[in-house]
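Reader: I am new to this structure and should be grateful for a close look at a single helix and its surroundings. Please describe what encloses the helix, and then place that part beside others of the model.

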Amino acid sequence: MEALTGASPAMMPPSGPAGQGTFYIETFGCQMNDHDSEKVAGVLLRRGYGQAASPADAQVVLYNTCSIREKAAQKVYSRLGLFNPKNNLLDATDKIIGILGCVAQQEGQRIFERAPWVSLVCGSASYSKLPAMLEQIEAGERRVTGLETDTEETFETELTRRDHPLRAYVTIIEGCDKTCTYCVVPRTRGPERSRTSASILREVRELADVGYTEVQLLGQTVNSYRDPSSRGLRFAELLVAVAETPGIRRVRFTTSHPSDLDAATIAAMDSVPQICDHLHLPVQSGSTRVLRAMQRTYTREEYMQKIEMVRAARRPISITTDIIVGFPGETEEDFEETLSLLDLAQFDGIFSFRYSPRPHTPAATMAGPVPEEERGRRLALLQERQRAIQTARNESLVGQTFEVLVEGASRRENQWTGRTSSNRTLNFTSPRSGLLGEYVLVRVTQAGPNSLAGEQAF
Ligand code: SAM
Ligand code: SF4
């Protein structure tokens, strides 16, 4: 299901040459990238473009790419190869082909050289200029780029396409001011820019008006949010204001940086039931030595103090994290410290990655690269250790009852999938029908490492 928010369809198409063709957008990467694409799609819809089901059917074809870990540039060039006249697969004549996101930012003009049929190259820090860039292309300009990262602007859209039927994403802060040595984000997404609280709260009200009950606030360092308007809300205050919007029942947020996690945020989570009891707090490594080389701005002990602060809340809060193994110079002892941190912190879930050197990052040229095979061995050990922790943590929930938002129906009759406030997947049986999008109580009867199973409680 797709939804639109921000302007009534009756207002469309208000500007630009009306009814001028169709677009297709494909996205690679994280939630933030997915949501950027929803906003870019909104800009195109607002200009009168319709949506096409495939690149072959579209007049405008956009690839929005992330280069955090994968060999994203290769993926993009292979997609662009579809339009290479030599391959005779797709015809680029009369099409506007564009590359957006991190790869656009990193590759820049090189894309035009390798794929001369491309007409638009735009990094995420320049999305606010997209309407003007589209106008230039519509007026016949052959090649347009948006590659500046030195900006104070945020990407405000009048219309946003919504691809998730039950959860709406809301970017509250763009870019990043941290300097983690392995990461491309500060280079590709530019400096940190917070949206005004008025603009965010207006968007949340509109989402509630069209029936969304769950919103997820997004930012690379979501909790370093600072309201740039005179109202000056801090992150915890914004969280409460969003949660108090009539109609909103669940507020999630990601990703929090440990150094910016404050007592006010924990207190807000503790006292406002609409704020979900889940915190994603990437640690990256359990070794202070490696954290220092990563420039993560906290030590192992300081990270654990934050965990203790969260565990001291009256309400149990589920904690998940990100971990990188095989960072340059990571010794066996450093890795052991990461394993022991898993035991200590008792995370409810982890995203684990083998270190991947990224272009133009300080870590890419650091001494002591860990061989690929060893990175793989460490990743497998880490995942095995965490699997046991998660199994035990989930088993302790058997017998308890949780409210879930029902997100899917299984092919098997009477089987449903829901998500708890703590962000656990709970598969359950119910004699009732039509539960999709409903909040129901489910009693947990079984637990595995990655999900729970249960039955609807009446
Ligand atoms: N801003 C967030 C943070 O500070 O944790 C998330 C950044 S990134 C989108 C998500 C995760 O990708 C990071 O937390 C990190 O674990 C991983 N990551 C980033 N760069 C990486 C690299 N060069 N190699 C492996 N993993 C990486
Ligand atoms: Fe990258 Fe670090 Fe910023 Fe996260 S906080 S986006 S890992 S530089």
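Author: The buried residues of helix H8 pack against four elements: helix H7 (197-209), strand E12 (214-218), strand E13 (250-254) and helix H9. The model is a predicted one. The residues of H8 involved in this packing are Phe-235, Ala-236, Leu-238, Leu-239, Ala-241, Val-242 and Ala-243, which are the buried residues of the helix. They make up 7 of the 9 residues of H8, so the helix is largely enclosed by the rest of the structure. Buried here stands for a relative accessible area under 20%.

One of these neighbours, H9, may be examined in more detail. Two packed helices are described by the angle between their axes and the distance between the axes. For H8 (residues 235-243) and H9 (residues 263-271), the angle is about 20° and the axes lie 8 Å apart. Angles under 35 degrees count as roughly parallel, and H8 and H9 are therefore roughly parallel to each other. Their crossing is right-handed. On the side of H8, the contact is formed by Phe-235, Ala-236, Leu-239 and Val-240, while H9 contributes Ala-264, Thr-265 and Ala-268. Sorted by class, this contact of H8 with H9 holds 6 nonpolar residues, 1 polar residue and no charged residues. An α-helix has 3.6 residues a turn, so residues three or four places apart point the same way.

Strand E13, another neighbour of the buried residues of H8, contains Arg-250. The side of the structure on which this residue lies is an enclosed one in the sense that Arg-250 is buried, with a relative accessible area of 3%. Apart from its neighbours within four places in sequence, Arg-250 is in contact with Thr-213, Glu-214 and Val-215, with Gln-274 and Cys-276, with Glu-403, Val-404 and Leu-405, with Arg-419, Thr-420 and Ser-421, and with Tyr-439.

Tyr-439, among the contacts of Arg-250, belongs to strand E20 (residues 439-447), which pairs with strand E21 (residues 452-456) in the antiparallel sense over 5 bridges. Within this pairing, Gln-446 stands opposite Ala-453 of E21. Both strands take part in a closed barrel of 5 strands, which runs E17-E18-E19-E21-E20 with mixed pairing. From one strand of the barrel to the next, the twist averages 50°.

A second pair of helices may be set beside H8 and H9. Helix H12 (residues 332-345) and helix H13 (residues 372-395) pack at an angle of about 15°, with their axes 10 Å apart. This makes H12 roughly parallel to H13, and the crossing is right-handed. From H12, the residues Glu-332, Phe-335, Thr-338, Leu-339, Leu-342 and Asp-343 meet Glu-374, Arg-377, Arg-378, Leu-381, Leu-382, Arg-385, Gln-386 and Ile-389 of H13. The residues of this contact divide into 6 nonpolar, 2 polar and 6 charged.

Finally, a strand offers a further case of enclosure. In strand E5 (residues 96-101), 6 of the 6 residues are buried, so the strand is largely enclosed by the rest of the structure. E5 runs parallel to strand E4 (residues 60-65), to which 6 bridges join it, and Thr-65 stands opposite Gly-101 of E5. E5 also runs parallel to strand E6 (residues 120-122), with 3 bridges between them; there, the bridge partner of Gly-98 is Leu-120 in E6.

Technical notes: Residues are numbered from 1 along each chain as its sequence is written. Chains are lettered from A and ligands numbered from 1 in the order in which they are written. This is a predicted model: local features need pLDDT of at least 70, side-chain atom pairs count only at pLDDT 80 or more; totals for chains, interfaces and linings use all residues. Side-chain values use heavy atoms; hydrogens and water are left out. Buried means under 20% relative accessible area, exposed over 50%, partly exposed in between (1.4 Å probe, protein chains only). Helices (H or I, at least four residues) and strands (E, at least two) are DSSP runs, numbered from the N terminus. Two strands pair if DSSP finds at least two bridges between them. Axes are lines fitted to C-alpha atoms, for helices over the stretch in contact, and angles run from 0 to 180 degrees between N-to-C directions. Angles under 35 degrees count as roughly parallel, over 145 as roughly antiparallel, 65 to 115 as roughly perpendicular and the rest as oblique. A crossing is left-handed if the near helix is turned anticlockwise from the far one by less than a right angle, and right-handed if clockwise. Contact means heavy atoms within 4.5 Å. Ala, Val, Leu, Ile, Met, Phe, Trp, Tyr, Cys and Pro count as nonpolar, Asp, Glu, Lys and Arg as charged, and the others, Gly among them, as polar.
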